[in-house]
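Work through the exercises below with the sequence and the three-dimensional view at hand. Try each task before reading its solution.

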Amino acid sequence: MSGRSAARPAGLVGTLLALAASEFGDKLVQVAYALIAVRAGSTTFLASVLAAQTIPVLALTPLVSSRGWIRSRTAWRAGLIGQVAAFAVAGAVADHRIAVLACILVAASCEALTIPFSRSLLHALSDGRQAELAKWWSVSKAGAGAAGMVLAGVVVAVSGAASAFALNALTFLLVLAVAWSPRIPQDGTAGSRGATAGFGRLLAPGAFGALGLLCVTVMLITTSLEGVSGPFMLARTPGYDAHGLGVVMACWAVASMVAAAVTPRRLTGIRALLPLSDLLVALAIGLPSLGLPFWSAAVTFALGGIGNGVFNLLLTRVIWSGVPAVGQPHAWAAFNWILNATLLLSFAVGLSLHPRHTPAPLATASALCLLAGGAYLLFLARAPKAARVIA
């Protein structure tokens, strides 16, 4: 193995680990939000949390994109300082729901600055090794998220919600320390500053194209809706076992992490894997929603996790390889906007339905995912060979 293939580009490992740590912290605070809601007996608190997490990103992303702040190292550092402060304060006022919601609003507003810069920073530090970077990031993100979910219950049960907020503040402090590293490049070169410039980057043939981006969006809606309504849907399957619910749900998370880890790098350049992952997720969610027995859902959820892991791997590979460096911040800002929009939409749908009605929208979303994946797969089959691979 050559030195180039064995060594990681300078500064990349530390940045990857710091960003993965923040993913770990994010999972901790999700459990903290649930604990606050349970203690308060307020079902609307979690809805308020999701609104506070998503609406600032949806509202501010066009502004920070048009001003070019998402390519500014100074703005990135300022956003990280805001996130550290927001979660530190949340830890101090964890017993006051309104104050916690205010802290979430501040942190989400800062996210509109930090996510696009941090993802484009990984691209800048990758030394042209986008395929390897996509794999490293997918595995580290999935692993940190899984660890966060496993340990969150212990942390919150032993120390309360305040500790989860404090730990999350520390993870952002770790990213902030990396932000002052001399290896972090100066502000990006001037490029398009349009509010919608990132969507144009994602729609470009070298990235997703129109049909590919539709495939991505439908997949995000389907998986977001599963996150909100999946447990209620499983509770209505034949042979439902409340003690096995966690096992079935864990099959998805574990399979997703393993799939990202074991997928060979050469396969991440095949575009057809993106719509194929849509098909797997559609079957994984669609079959239980139509009445598949409960324990059979463990198998389909494992398949869905595989599809989701491969999807995340291909998604990052396409953006990092298919969008030029000058367009990276805007492309990630646009993707983050789409992600938050699908989260808000899915939660609104899930919240408006009675639990007994959850199988219907999940079956509908699965059907749309199946159609979008099938259409994109057919398109790629008819496309020139060069269009079927990721550069």
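Before the first exercise, a definition is needed: a crossing of two helices is left-handed if the near helix is turned anticlockwise from the far one by less than a right angle, and right-handed if clockwise. The model is a predicted one, in which local features need pLDDT of at least 70 and side-chain atom pairs count only at pLDDT 80 or more, while totals for chains, interfaces and linings use all residues. Residues are numbered from 1 along each chain as its sequence is written, and side-chain values use heavy atoms, with hydrogens and water left out.

**Exercise 1. Helices H9 and H11**

Task: Determine how H9 passes H11, and list the residues that make the contact.

Solution. Start by locating the two elements, H9 at residues 209-234 and H11 at residues 273-289; helices here are DSSP runs (H or I, at least four residues), numbered from the N terminus. Their axes, which are lines fitted to C-alpha atoms over the stretch in contact, with angles running from 0 to 180 degrees between N-to-C directions, come within 10 Å and cross at roughly 25 degrees. That makes H9 roughly parallel to H11, since angles under 35 degrees count as roughly parallel, over 145 as roughly antiparallel, 65 to 115 as roughly perpendicular and the rest as oblique. H9 passes H11 in a left-handed crossing.

Next, look for contact, meaning heavy atoms within 4.5 Å. From H9 the contact takes in Cys215, Val216, Met219, Thr222, Thr223, Glu226, Met233 and Leu234, and from H11 it takes in Leu274, Pro275, Ser277, Asp278, Val281, Ile285, Pro288 and Ser289. Sorted by class, the contact of H9 with H11 has 10 nonpolar, four polar and two charged residues, where Ala, Val, Leu, Ile, Met, Phe, Trp, Tyr, Cys and Pro count as nonpolar, Asp, Glu, Lys and Arg as charged, and the others, Gly among them, as polar.

**Exercise 2. Helices H9 and H12**

Task: Decide whether H9 and H12 are roughly parallel or roughly antiparallel.

Solution. H12 covers residues 296-322, and its axis lies 12 Å from that of H9, at an angle of about 150 degrees. The two helices are therefore roughly antiparallel to each other, and H9 passes H12 in a left-handed crossing. On the H9 side, Val216, Met219, Leu220, Thr223, Glu226, Met233 and Leu234 meet Ala297, Phe301, Gly307, Asn308, Phe311 and Leu315 of H12. These residues divide into nine nonpolar, three polar and one charged.

**Exercise 3. Single residues in H9 and H11**

Task: Find out whether serine 229, leucine 214 and alanine 284 are buried, partly exposed or exposed.

Solution. Buried means under 20% relative accessible area, exposed over 50%, and partly exposed in between (1.4 Å probe, protein chains only). Serine 229, in helix H9, has 1% relative accessibility and so counts as buried. Leaving aside neighbours within four places in sequence, serine 229 is in contact with Gly350, Thr358 and Leu362. Leucine 214 also lies in helix H9, but with a relative accessible area of 44% leucine 214 is partly exposed.

Alanine 284, found in helix H11, is buried, with a relative accessible area of 1%. Not counting residues up to four places away in sequence, alanine 284 touches Trp252, Thr300, Phe301 and Gly304.

**Exercise 4. Cysteines**

Task: State how many disulfides the structure holds, and explain why cysteine 110 and cysteine 215 are not bonded to their closest cysteine.

Solution. A disulfide is a covalent bond between the sulfur atoms of two cysteines, and the criterion applied here is a pair of cysteine sulfur atoms within 2.5 Å. The structure holds zero disulfides. For cysteine 110, the closest cysteine sulfur belongs to cysteine 103 and is 11 Å away, too far for a bond. For cysteine 215, the closest cysteine sulfur belongs to cysteine 369 and is 6.7 Å away, which is again too far for a bond. Both residues count as buried, cysteine 110 at 12% relative accessibility and cysteine 215 at 0%.
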